[in-house]
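Me: I have this protein in front of me and would like a close look at one part of it. Could you take me through the open sheet and what surrounds it?

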Amino acid sequence: MNSDQGGPISSETRINDRIRVPEVRLVGPNGEQVGIVRIEDALRLAQESDLDLVEVAPQARPPVCKLMDYGKYKYESAQKARESRRNQQLTVIKEQKLRPKIDTHDYETKKRNVVRFLEHGNKVKVTIMFRGREQSRPELGFRLLQRLADDVAELGFVEASPKQDGRNMIMVLAPHKVQKARQRATTPGGESDPE
């Protein structure tokens, strides 16, 4: 496939002498509009004010350039990127599988797992697996999921209500926001979980 349109060769921001257009729309160091000027005049203004001429909108006609300290700009944008990565929250989805005809003790064990996952601030995908004739009785699975949701209501809420997906019925539980904050507050103290 041969394309007639050529994209930008480099994604690197062009500064000073690397900007090769006859004229640019110039923005001053404090954000004020200077107007459309010849590239030579823009470079001279940048040199006089001891700043860099940085191309901020290369797709515009003419391209928009700003007078700024490029080193400081790169540093600040790297700091912002690092800060946003730090504030990003990683969502973990744990899965718990059940059968429609589950025994009471097995149900309690599975419920304890769901409680533990929610206490740690994770979402839980609860799957009910139907086999054979069980597929003709989806209300059994629905009732079981409702019972589980009611049992863990103080720790989490139903984010995605139960729905049939082939041979399985799936529901997603998510922890309450207050629970996440409480979990973070009690973790450093080293309190043990009574089980």
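Reply: Happy to; here is a walk through the sheet, its helices and a loop beside them, followed by the other parts of the chain.

Please keep in mind that this is a predicted model. The average pLDDT for the protein is 83, and 85% of the residues score at least 70. Over residues 189–195, though, the pLDDT is below 50, and this stretch has three contacts in the model beyond near neighbours in sequence.

Now to the sheet itself. It is open and has four strands in the order β5-β6-β8-β7, with mixed pairing. The edges are taken by β5 (93–98) and β7 (156–165); each has a single partner strand, so one side of each is left without a neighbour in the sheet. On average, neighbouring strands are turned by 20° against each other, direction ignored.

Between those edges, strand β6 (residues 123–129) and strand β8 (residues 168–175) run antiparallel and are joined by six bridges. If you want a spot to find on screen, look for valine 126, which stands opposite methionine 171 in β8.

Two helices pack on this sheet. Helix α3 (residues 104–119) touches β5, β6, β7 and β8, and its direction makes about 170° with that of β5. Helix α4 (residues 138–151) also packs on the sheet and touches β5, β6, β7 and β8; the direction of α4 makes about 10° with that of β8.

The loop between β6 and α4 deserves a stop, as glutamate 134 lies there. Is glutamate 134 buried or exposed? Its relative accessibility is 13%, and buried means under 20%, so glutamate 134 counts as buried. A polar atom of its side chain lies 2.9 Å from the backbone nitrogen of arginine 131. Leaving aside residues up to four places away in sequence, glutamate 134 touches Arg99, Pro100, Lys101 and Met129.

Turning to the earlier part of the chain, strand β1 (residues 23–27) and strand β2 (residues 33–38) run antiparallel, joined by five bridges. Glutamate 23 stands opposite arginine 38 in β2. The two strands form a hairpin with five residues between them, and glycine 31 in the turn has a positive phi of about 90°. β1 also pairs with strand β4 (residues 64–68), here in the parallel sense and over three bridges. In that pairing, arginine 25 has valine 64 of β4 as its bridge partner.

Two loops here have backbone details to check. Aspartate 50, in the loop between α1 (39–48) and β3, has a positive phi of about 60° although it is not a glycine. Aspartate 50 has a relative accessible area of 71%, and exposed means over 50%, so this residue counts as exposed. The loop between β3 (52–57) and β4 holds proline 62, and the peptide bond to proline 62 from arginine 61 is cis, with omega near -10°.

Last comes helix α2 (residues 70–87). Its 18 residues reach 26 Å from the first C-alpha to the last, close to the 26 Å expected at 1.5 Å a residue. At the start of α2, the backbone nitrogen of glycine 71 has a side-chain oxygen of aspartate 69 within 3.4 Å.

Terms used:
Residues numbered from 1 in each chain as written. Predicted model: local features only at pLDDT ≥ 70, side-chain atom pairs only at ≥ 80, totals over all residues. Heavy atoms only, no water. Pairing = 2+ DSSP bridges. Axes fitted to C-alpha atoms, helices over the stretch in contact; angles between N-to-C directions. Contact = heavy atoms within 4.5 Å. Expected span 1.5 Å × (residues − 1). Polar contact = N/O pair within 3.5 Å; in protein donor to acceptor, adjacent residues only side chain to side chain. pLDDT = per-residue confidence, 0-100. Buried < 20%, exposed > 50% of the residue type's maximum accessible area, 1.4 Å probe, protein only.
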